[in-house]
Amino acid sequence: MTKDGPSPTATIEGLVATTATDAHLAAVLPWMALETWGYSLEDLERIRSWDAQANRVLLDRGRMVAFLSTFTYGTVGWVGNVITDPARRGSGLGRAILAEGVRYLQHSRGVRQVALYAYGHTRTFYERQGWAAQGPVRVFCGTLRSPPTPPKDLQVGPLDAADLAAASALDRRAFGADRALVLADLHARPTSRCALVRDHAGRLAGVGFIRDDGAELLLGPVVSTDEGSARALLAYLCAPFCGARALAISPLSNRTSADQLAELGLLPVDAIHLMTLQGALPWQPRYLTAAGAPEKG
Ligand SMILES: CC(C)(COP(=O)(O)OP(=O)(O)OC[C@H]1O[C@@H](n2cnc3c(N)ncnc32)[C@H](O)[C@@H]1OP(=O)(O)O)[C@@H](O)C(=O)NCCC(=O)NCCS
C-alpha cells in the first residue's frame with residue numbers, strides 16, 4: 001500500500017490517471033466556480049495535506065480533462081469534487097475519473113468500501129456506475145437567530161485537545177467512518193469554534209463544530225447521543241454568530257434535527273444523497289444533527 005510514496009499512475013480508457021499538481025489545482029478552480037462550489041486553493045491544498053495523492057486527475061495528451069478528491073477515513077474511502085472539463089461532458093470522462101478514484105482508494109489506500117454525497121441530479125450518474133443510494137440528506141441554510149436556552153443539567157464548553165480522541169470515537173460511531181484527521185484539523189483551525197457536552201454524570205454526550213468558510217458558516221459535524229445534548233451544542237456553537245448565514249447537512253431520517261435547525265433559523269433548501277459502493281456505511285443518523293461535509297474538511 002502506498003501512502004506518501006511516488007504517485008500511483010494508471011491508464012484508464014486510454015487516459016493517464018495520476019496525482020494533481022499545483023497547476024492542476026489552479027486549473028480546476030474555474031471549473032468549480034462554474035458550479036458555485038465556493039472552493040479556494042487553500043481548500044484543495046488542505047485535502048492534499050491529509051494525503052499527498054488525494055487529488056486525482058485524468059490527462060488526455062498531458063491536458064487535465066477530469067478531477068476528483070479522495071479521503072481516507074479508516075477503512076472507508078470517500079470521494080468528492082467529481083468534475084469533468086465543462087467542454088467535454090457526456091463523453092465518458094466522469095465514468096473514468098470515478099473509476100480512478102475508486103481504484104486509488106482501494107489499491108493505494110486499502111479501503112474496504114467507498115462513499116460520497118451526490119447532488120440529486122447526479123444520482124443516476126453514480127447508480128449507472130454501480131453505486132447504491134443509501135439515504136437522502138437534507139441541506140439546511142439560513143440566517144442564524146438566537147438559540148433557545150439549552151437544558152441546565154448539561155455541561156457544554158470548548159473542546160480541549162485532550163478530549164479529541166474520545167470526541168473522534170463518538171463521531172466514528174455516529175458517522176460510520178473514522179474522521180479523526182478531519183476533526184483534529186478543524187480543532188486546530190483559528191476560524192473554527194469547537195464544543196463538547198457532558199451529561200450530569202460527566203460522561204461525553206456530544207461534540208460539535210462550526211467554522212467560518214468566508215461566504216457562510218459551515219455547521220458540522222454535530223454529533224450527540226441524545227436530543228438535549230444536540231440542543232446544548234447547537235446553542236453554544238451558534239450563540240456568537242446571530243445574524244450570520246450558515247449551512248448544515250443532516251440525514252433526512254433524523255427528524256428532530258430538522259426541528260432543532262429550524263429553531264436556529266436554518267431551513268431545508270436542497271436534498272443530496274449518501275451513495276455507497278460495496279456495502280452500506282454503518283452510520284447512525286439519529287446521532288447526527290449535522291453530518292459535516294468531508295469535501296470541505
Ligand atoms: C457529473 C459529471 C462528473 C459527469 O461527467 P460526464 O463526463 O459528463 O459523464 P460521462 O460522460 O462519463 O457519463 C457516464 C454515464 O452517466 C450518465 N450521466 C452523466 N451525467 C449524468 C447526469 N447528470 N444525470 C444522469 N446521467 C448522467 C451518462 O449518460 C453516461 O451514461 P452511460 O454510461 O449509459 O453512457 C459532470 O457532468 C460534471 O462535472 N458535472 C458538474 C459537477 C458535478 O455536478 N459533479 C458531481 C458532484 S456530485
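Leaving aside its neighbours within four places in sequence, which residues is Ala195 in contact with? That one is picked up in the first legend. Everything below comes from a predicted model.

**View 1. Ala195 and the company it keeps.**
Once neighbours within four places in sequence are set aside, Ala195 is in contact with Val156, Gly157, Pro158 and Leu159, with Gly208, and with Leu233, Tyr236 and Leu237. Ala195 also belongs to the largest nonpolar core, a set of 86 residues, and is listed with Phe67, Leu219, Leu233 and Ala248 as touching the most other members. So Leu233 turns up twice here: as a contact of Ala195 and as another of those best-connected core residues.

**View 2. The largest nonpolar core, seen as a whole.**
Which element supplies the largest share of this core? That's helix 7, residues 227–238, with eight residues. The core isn't confined to one domain: at least three of its residues come from domain 1 (10–111), and at least three from domain 2 (138–296).

**View 3. Where the two domains touch.**
The chain splits into domain 1, residues 10–111, and domain 2, residues 138–296. Their centres, taken over C-alpha atoms, sit 27 Å apart. Domain 1 puts 12 residues into the contact and domain 2 puts in 10. On the domain 1 side, the elements giving two or more residues are helix 2 (41–50), strand 4 (63–73) and strand 5 (76–84). Strand 5 gives the largest share of that side, with four residues. Sort the domain 1 side by class and you get six nonpolar residues, five polar and one charged.

**View 4. Around the ligand.**
How many residues are around the ligand, and which come nearest? There are 18, and the nearest are Arg89, Gly94, Arg95, Thr124 and Phe125. Two or more residues of this shell come from each of strand 5, helix 3 (93–108), strand 6 (113–119) and helix 4 (123–128). Strand 5 therefore shows up both in this shell and on the domain 1 side of the domain contact. By class, the shell has eight polar residues, six nonpolar and four charged.

**View 5. Two positive phi angles, one exposed and one buried.**
Neither Thr36 nor Asn81 is a glycine, yet Thr36 has a positive phi near 50° and Asn81 has one near 60°. Thr36 is in the loop between helix 1 and helix 2, whereas Asn81 is in strand 5. Is Thr36 buried or exposed? Thr36 counts as exposed because it has 8 C-beta neighbours inside 10 Å. Asn81 is buried, because 24 other C-beta atoms lie within 10 Å.

**View 6. A cis peptide bond at Pro221.**
Gly220 and Pro221 are joined by a cis peptide bond, with omega at about -5°. Pro221 is part of strand 11, residues 217–224.

**View 7. Lys152, Gln155 and His200.**
Lys152 is in the loop between strand 7 (132–143) and strand 8 (155–158). His200 is in the loop between strand 9 (192–198) and strand 10 (204–212). Along the chain Lys152 and His200 are 48 residues apart, but in space, C-alpha to C-alpha, the gap is 9.3 Å. For His200 and Gln155, 45 residues apart along the chain, the C-alpha atoms are separated by 7.4 Å. Why does Lys152 count as exposed? Lys152 is exposed because it has 8 other C-beta atoms within 10 Å. His200 is exposed too, with 11 other C-beta atoms within 10 Å.

**View 8. Thr18 in strand 2.**
Thr18 sits in strand 2, residues 15–19. Thr18 counts as buried because it has 20 C-beta neighbours inside 10 Å. Asp43 is 25 residues from Thr18 along the chain, and their C-alpha atoms are separated by 20 Å.

**View 9. How far to trust the picture.**
Mean pLDDT for the chain is 93, and 96% of the residues reach 70 or more. Where is confidence highest, and where is it lowest? The high is helix 1 (residues 22–34), at 98, and the low is strand 1 (residues 10–12), at a mean of 83. Residues 1–6 have pLDDT below 50, and this stretch has six contacts in the model beyond near neighbours in sequence. Where pLDDT is low, the predicted coordinates should not be read in detail.

Key
Residues are numbered from 1 along each chain as its sequence is written. This is a predicted model: local features need pLDDT of at least 70, side-chain atom pairs count only at pLDDT 80 or more; totals for chains, interfaces and linings use all residues. Domain bounds come from an automatic or database domain assignment. Two residues are in contact if their C-beta atoms, placed from the backbone, lie within 7 Å. Ala, Val, Leu, Ile, Met, Phe, Trp, Tyr, Cys and Pro count as nonpolar, Asp, Glu, Lys and Arg as charged, and the others, Gly among them, as polar. A residue is near a molecule or strand if its C-beta atom, placed from the backbone, lies within 6 Å of it. A nonpolar core is a set of buried Ala, Val, Leu, Ile, Met, Phe, Trp, Tyr and Cys residues joined through C-beta atoms within 7 Å. A residue is buried if 20 or more other C-beta atoms lie within 10 Å of its own, exposed if 12 or fewer, and partly exposed in between; C-beta atoms are placed from the backbone. pLDDT is the predictor's confidence in each residue, from 0 to 100.
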